[in-house]
Number of protein chains: 2
Amino acid sequence: MMAGMTDDDRVFKALADPTRRFLLDRLFERDGRTLTELEAELEMTRFGVMKHLRVLEEAGLVVARRSGRAKLHFLNPVPIRLIHDRWIDKYTERRVSALAELKTELEEEMA
Amino acid sequence: MMAGMTDDDRVFKALADPTRRFLLDRLFERDGRTLTELEAELEMTRFGVMKHLRVLEEAGLVVARRSGRAKLHFLNPVPIRLIHDRWIDKYTERRVSALAELKTELEEEMA
DNA sequence: ATCATAGGTGACCGTATGGTCACATGTCAA
DNA sequence: TTGACATGTGACCATACGGTCACCTATGAT
């Protein structure tokens, strides 16, 4: 556990690394994966992946549960929503989400 | 401009620093501030603040416009919404946002 | 023109961060 | 109980990042 770090500090630092975002993507696709399962999808040693999962857990973005010798990992989206609510108020939410969807659609048309 | 960095890389890295989040908070409160104005609220030299604003700009979280010798800074919330949409789908959005609001309310009661 | 104001650049330094490895613990199956 | 499997710890190294400074450019007021 790191000292002098607030909750949101941990969340944003956790999201700052592309490997950790990739892990969240995999768990968003399907929950309950083990370390070894996740490791198989990355060009990295088990130790690197383990460190990343720990950071995600300490940020509350991932919750884990043991099952025998395996450890199952689940995505917790609440901290993500809190980021949203920090800089997007109820009044602008509709307009901004429409813009975001438009951007996504345009990029899909390009590809 | 940093090499080998994707758009979302820039956004998440930009959000990873507490000073930069503080700057976004100030701009969320009131748009169109200048560098010197923002510097006055921070215990840091102008150069540090300038670097941070540059990172936010390159991430698209802040857009700036010149006005005479001043440079006005504005918050752009679209990248924030895109983060939200990446890990929270339409079906779970209602439930998650309710949980997030509950958490905020509970913390406000504590204080 | 002069001077103060507002913003900008490049180099520099200490520390935090990502990644690996040697080694260790706990669990299931035969 | 032997061995293979799944996860865990601490030390270590290279690099990225936050912050400062000496120096520079441009705009506005008098």
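Okay, let's start at the DNA: of the strand D atoms within 4 Å of the protein, 58% belong to sugar or phosphate, and the rest to bases. Before I go on, this is a predicted model, where local features need pLDDT of at least 70, side-chain atom pairs count only at pLDDT 80 or more, and totals for chains, interfaces and linings use all residues. On bookkeeping, residues are numbered from 1 along each chain as its sequence is written, chains are lettered from A and ligands numbered from 1 in the order in which they are written, and side-chain values use heavy atoms, with hydrogens and water left out.

So, who sits around strand D? There are 22 residues around DNA strand D, where being near means having a heavy atom within 4 Å of the strand. A:Thr36, A:Arg46, B:Arg20, B:Lys51 and B:His52 come nearest.

Now the polar contacts, meaning pairs of N or O atoms within 3.5 Å; within protein, one must be able to donate a hydrogen and the other to accept it, and residues adjacent in sequence count only if both atoms are side-chain atoms. B:Arg20 has a side-chain N or O atom 2.7 Å from a phosphate oxygen of DNA strand D. For B:Thr45, a polar side-chain atom is 3.0 Å from a phosphate oxygen of that strand, and for A:Lys71 the distance from a side-chain N or O atom to a strand D phosphate oxygen is 3.3 Å.

Which element gives the most to the surface near DNA strand D? That's α4(B), with four residues. Helices here are DSSP runs (H or I, at least four residues), strands are runs of E (at least two), and both are numbered from the N terminus. By class, this surface has six nonpolar, seven polar and nine charged residues. Nonpolar is Ala, Val, Leu, Ile, Met, Phe, Trp, Tyr, Cys and Pro, charged is Asp, Glu, Lys and Arg, and the others, Gly among them, are polar.

Over to strand C. It has 22 residues around it, the closest being A:Arg20, A:Lys51, A:His52, B:Thr36 and B:Arg46. Two of the contacts go to bases: A:Lys51 puts a polar side-chain atom 2.2 Å from a base oxygen of DNA strand C, and B:Arg46 has one 2.8 Å from a base nitrogen. A:His52 goes to the backbone instead, with a polar side-chain atom 2.3 Å from a phosphate oxygen of strand C.

For this surface, α4(A) gives the most, with four residues. The classes here come out as seven nonpolar, six polar and nine charged.
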